[in-house]
Amino acid sequence: MNEKAPGPIEMEPIGYVENDYLEPVYNEKVYQTVSKIILKDELAEGLQRIEDFEKLYVLFHFSKSKDFKLVQRRRYDGEISGVFACRSPHRPNGIGLTLVELVKVEGNVLHVKGLDAINGTPVLDIKPYIKKIEEGSD
């Protein structure tokens, strides 16, 4: 099999996370906490009608995670699994994905509940959660 992967991909953060979590440790309380996502001012117009959605996917970069293991222990159940079968921040590309509840929007600031990212985490993208599409229903 001939694997031809493209070269490096460059991305610029669209903003960053602001909350009280300073270290990347597993903490169930984070899912009940409201965090802020501060978007770059020049991207604020892209938030138009985001209030149409109760939930959002937030993609972010695990900027403090410098290594990865292909096999590791899952945080939530303690089972050993491959990196692609767990939610560990120790990943080959360090990309995080979390489904959050949108609480409110103030200009270029999103207030979201349930974001499992630490203070200062670079945000790469935000996408709406659309129940019909996600569940495959009509």
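# Exercises on a barrel of strands

Glu-106 stands opposite Val-109, a residue of strand E7. That pair is our way into this predicted model, and we will come back to it below.

## Exercise 1: Take stock of the chain

Describe the secondary structure of the chain and say how many of its strands close into a barrel.

*Solution.*
- Step 1. Start with the elements: the chain has 1 helix and 8 strands.
- Step 2. Put them in sequence order, and the pattern reads β-β-β-β-β-β-β-β-α.
- Step 3. Now follow the pairing: 6 strands form a closed barrel, in the order E1-E2-E7-E6-E3-E8, with antiparallel pairing. From one strand to the next, the twist averages 45 degrees.
- Step 4. For burial, 33% of the 138 residues count as buried.

## Exercise 2: Walk around part of the barrel

Find how many bridges join E2 to E7, E7 to E6, E6 to E3 and E3 to E8, and give a residue pair for each step.

*Solution.*
- Step 1. E2 and E7 run antiparallel and are joined by 5 bridges. Here Lys-36 has His-111 of E7 as its bridge partner.
- Step 2. E7 pairs with E6, again antiparallel, over 5 bridges. This is where the opening pair belongs, with Glu-106 facing Val-109 in E7. The hairpin of E6 and E7 has 2 residues between the strands, and Gly-107 takes a positive phi near 60 degrees there.
- Step 3. E6 (residues 95–106) and E3 (residues 55–61) are antiparallel and share 7 bridges. Two pairs to look up are Leu-59 with Leu-97 of E6, and His-61 opposite Ile-95 of E6.
- Step 4. E3 and E8 pair antiparallel over 5 bridges. In this pairing, Phe-60 has Val-123 of E8 as its partner.

## Exercise 3: Read the two faces of E3

Sort the side chains of E3 by the face they point to, and say which face is buried.

*Solution.*
- Step 1. Recall the general rule: side chains of a regular strand alternate between the two faces of the sheet.
- Step 2. Apply it to E3: Leu-56, Val-58 and Phe-60 share one face, and Lys-55, Tyr-57, Leu-59 and His-61 point to the other.
- Step 3. Add burial: Leu-56, Val-58 and Phe-60 are buried, while Lys-55, Tyr-57, Leu-59 and His-61 are not.

## Exercise 4: Locate the core

Which residues of the largest nonpolar core touch the most other members, and which strand supplies the largest share?

*Solution.*
- Step 1. The core has 18 residues, and those touching the most other members are Ile-37, Leu-110, Leu-115 and Ile-126.
- Step 2. Five strands each give at least two residues to this core: E2 (34–39), E3, E6, E7 (109–113) and E8 (122–128). The largest share, 3 residues, is from E3.
- Step 3. E7 is mostly covered as well, with 4 of its 5 residues buried.
- Step 4. As background, nonpolar side chains tend to be buried together in soluble globular proteins.

## Exercise 5: Check the salt bridges

Classify Arg-74 and Asp-77, Glu-106 and Lys-104, and Asp-125 and Lys-127 by accessibility.

*Solution.*
- Step 1. The structure holds 6 salt bridges, and three of them are worked through here, with the closest N and O atoms at 2.9 Å for Arg-74 and Asp-77, 3.5 Å for Glu-106 and Lys-104, and 3.6 Å for Asp-125 and Lys-127.
- Step 2. Arg-74 has a relative accessible area of 18%, so the residue is buried, since the cut-off is under 20%. Its partner Asp-77 is partly exposed at 35%.
- Step 3. Glu-106, at 43%, and Lys-104, at 41%, are both partly exposed.
- Step 4. Asp-125 is partly exposed at 30%, and Lys-127 is partly exposed at 43%.

## Exercise 6: Look at the surface

Is Val-71 buried or exposed, and what does Arg-49 show in its backbone?

*Solution.*
- Step 1. Val-71 lies in strand E4 (residues 71–73). Its relative accessible area is 54%, so Val-71 is exposed, the cut-off being over 50%.
- Step 2. Val-71 belongs to a nonpolar surface patch of about 570 Å², made with Phe-68, Leu-70, Ile-80 and Phe-84.
- Step 3. Arg-49 sits in the loop between E2 and E3. Although not a glycine, Arg-49 has a positive phi of about 70 degrees.
- Step 4. Arg-49 also counts as exposed, at 56% relative accessibility.

Conventions:
Residues numbered from 1 in each chain as written. Predicted model: local features only at pLDDT ≥ 70, side-chain atom pairs only at ≥ 80, totals over all residues. Heavy atoms only, no water. Patch = residues over 30% accessible without salt bridge, like charges linked within 9 Å, V, L, I, M, F, W, Y side chains within 5 Å. Areas by Shrake-Rupley, 256 points an atom, 1.4 Å probe, with all protein chains shown as cover. Salt bridge = Lys/Arg side-chain N within 4 Å of Asp/Glu carboxyl O. Buried < 20%, exposed > 50% of the residue type's maximum accessible area, 1.4 Å probe, protein only. Pairing = 2+ DSSP bridges. Axes fitted to C-alpha atoms, helices over the stretch in contact; angles between N-to-C directions. Core = buried A, V, L, I, M, F, W, Y, C linked by side-chain atoms within 4.5 Å.
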